[in-house]
Amino acid sequence: MKNISGIPSVIAAGIFAMAGSGNAVAQTELRWGHVYESQSPYHEWAEWAAEAFEDRTDGRYAIEVFPASSLGKQTDLAEGLELGTVDIIYDGQFFAGRRYGPMAIGSAPFMFRDFAHWEAYRDSDLFLDLSAGYAEATGDDIAGLVYYGQRHVTSNNEIQTPADMEGMKIRVPNASLYKMFPEAVGANATPMAFSEVYLALQQGVVDAQENPLPTIQFKKFYEVQDYITLTGHITDALLTIVAGRISDSMPDEDYATLMAVLKESAEGASSDIRSSELELVDWFREQGATVTEVDRAPFRAAVADDLNGPEVSWDRETFDRLQALK
């Protein structure tokens, strides 16, 4: 959280002299770590943010972006916010919910009707309230919500109905909300690190996985899976999170600039992901994949009772506020 009386200080290594009026100017370098490929919009817009922040602060700050798990897996990055090894991360809403329960609601299956409903949530007072609750609980700040896409299933066998998933060994992130849908339809939810999924599919360790279409393309999962089923079971997103000690070390104006840049970055990445998502069905078919559109209603019905069940980390009022958004 922002400490209003904070003064500038060096946050990370990498101080060097900058040419100017002849006086040396210390540049503070921030580290942004994430698990996504360097060709992905998540990385490209993080790089854009780094350049924009440096420009808007006249070179007083720099951000170095580390893609593709180069600073560790997702759990390592989340821990790094507290340990001081990383300053900015992308984090899933469920994983953020481990620190502040209600924030996980955006990762629940069939929580959003469509993309417009997700946009309404991103721009809502509800999301601002949840972000404020997260900041109060953790000391860290949420700078943006980045659209990740509707999650669909890739598999070795065709899926038409929930019964077709019974007994299927499907990789999911290590999070209860990602297990909820597979378990509701009788599949065997198998947690696994993101970086290990391609090889696991290739070797038959798992039968299936679930991710948005842009991620399926980035990670080339279509090379080792024959079927893509458009279940759209989760409309997912990432949070851009800034370690609380960063705000404590910056003047208010500089920190406001950082938060504005990160929000713009989130919006840019979201736009690119959405555009890609809309184009990819035809692209996958051109690659030879069988892309199946299914009736989502029976899949949704399978998990309906769980969305306000004893295992969730939000209350009914938060659920109802989200569902009322238009």
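This short talk walks through the cores, one enclosed helix, the pockets, the cavity and a few single residues of the structure above.

Before I start, please keep in mind that this is a predicted model, in which local features need a pLDDT of at least 70 and side-chain atom pairs count only at pLDDT 80 or more, while totals for chains, interfaces and linings use all residues. Residues are numbered from 1 along each chain as its sequence is written, and side-chain values use heavy atoms, with hydrogens and water left out.

Let me begin with the inside. A nonpolar core is a set of buried Ala, Val, Leu, Ile, Met, Phe, Trp, Tyr and Cys residues joined through side-chain atoms within 4.5 Å, and buried means under 20% relative accessible area, with exposed being over 50% and partly exposed lying in between, for a 1.4 Å probe and protein chains only. The largest such core has 72 residues, and those with the most contacts inside it are W32, I63, M111, Y121, V242, L258 and W314. Helix α10, residues 252-286, gives the most to this core, with eight residues; helices (H or I, at least four residues) and strands (E, at least two) are DSSP runs, numbered from the N terminus. Apart from the largest core lies another one, of 17 residues, including M192, I216, F221 and V281.

Which residues does M111 touch, if we do not count residues up to four places away in sequence? They are I105, H117, L307, W314, F319, L322 and Q323, where a contact means heavy atoms within 4.5 Å.

H117 brings us to helix α4, residues 115-122, which is largely enclosed by the rest of the structure because six of its eight residues are buried. Those buried residues are F115, H117, W118, A120, Y121 and R122, and they pack against α3 (93-97), α5, β4, β8, α10 and α12. At the N-terminal end of α4, D114 acts as a cap, with a side-chain oxygen 3.3 Å from the backbone nitrogen of A116.

Two residues of α4 come back when we look at K326, which is placed in the segment after α12 (316-324). K326 counts as exposed because its relative accessibility is 85%. Leaving out residues up to four places away in sequence, K326 touches R113 and A120, and its C-alpha atom is separated by 9.3 Å from that of W118, although the two residues are 208 residues apart along the chain.

Now to the empty space. Rolling a probe the size of a water molecule over the atoms shows where such space is left. On a 1 Å grid over the protein atoms alone, a cavity is a set of points where a 1.4 Å probe fits but cannot get out, and a pocket is an open set with protein on both sides within 12 Å along at least five of seven lines, while lining residues have an atom within 4 Å of a point. Grid points are joined across faces, edges and corners, and a volume is the space filled by probe spheres set on the points.

The largest pocket has a volume of about 500 Å³ and is lined by 25 residues, of which Q74, F95, R171, P173 and F194 lie nearest its centre. Strand β8 gives the most to this lining, with three residues. The second largest pocket has a volume of about 350 Å³, and its lining has 17 residues, with F127, L128, I142, A143 and K263 nearest the centre. Here α5 (125-138), β4 and α10 each supply at least two lining residues.

How many cavities of 30 Å³ or more does a search of the whole structure find? The search finds one, with a volume of about 40 Å³, and its lining is made of Y36, E37, S40, Y42, F194, T215, F218 and K219.

I will finish with Q209, which sits in strand β7, residues 208-212. Is Q209 buried or exposed? Q209 counts as buried, because its relative accessible area is 0%. Its side chain is joined to that of N211 by a polar contact of 2.8 Å, a polar contact being a pair of N or O atoms within 3.5 Å, where within protein one must be able to donate a hydrogen and the other to accept it, and residues adjacent in sequence count only if both atoms are side-chain atoms. Beyond its neighbours within four places in sequence, Q209 is in contact with residues including H152, I170, R171, I216 and F221.
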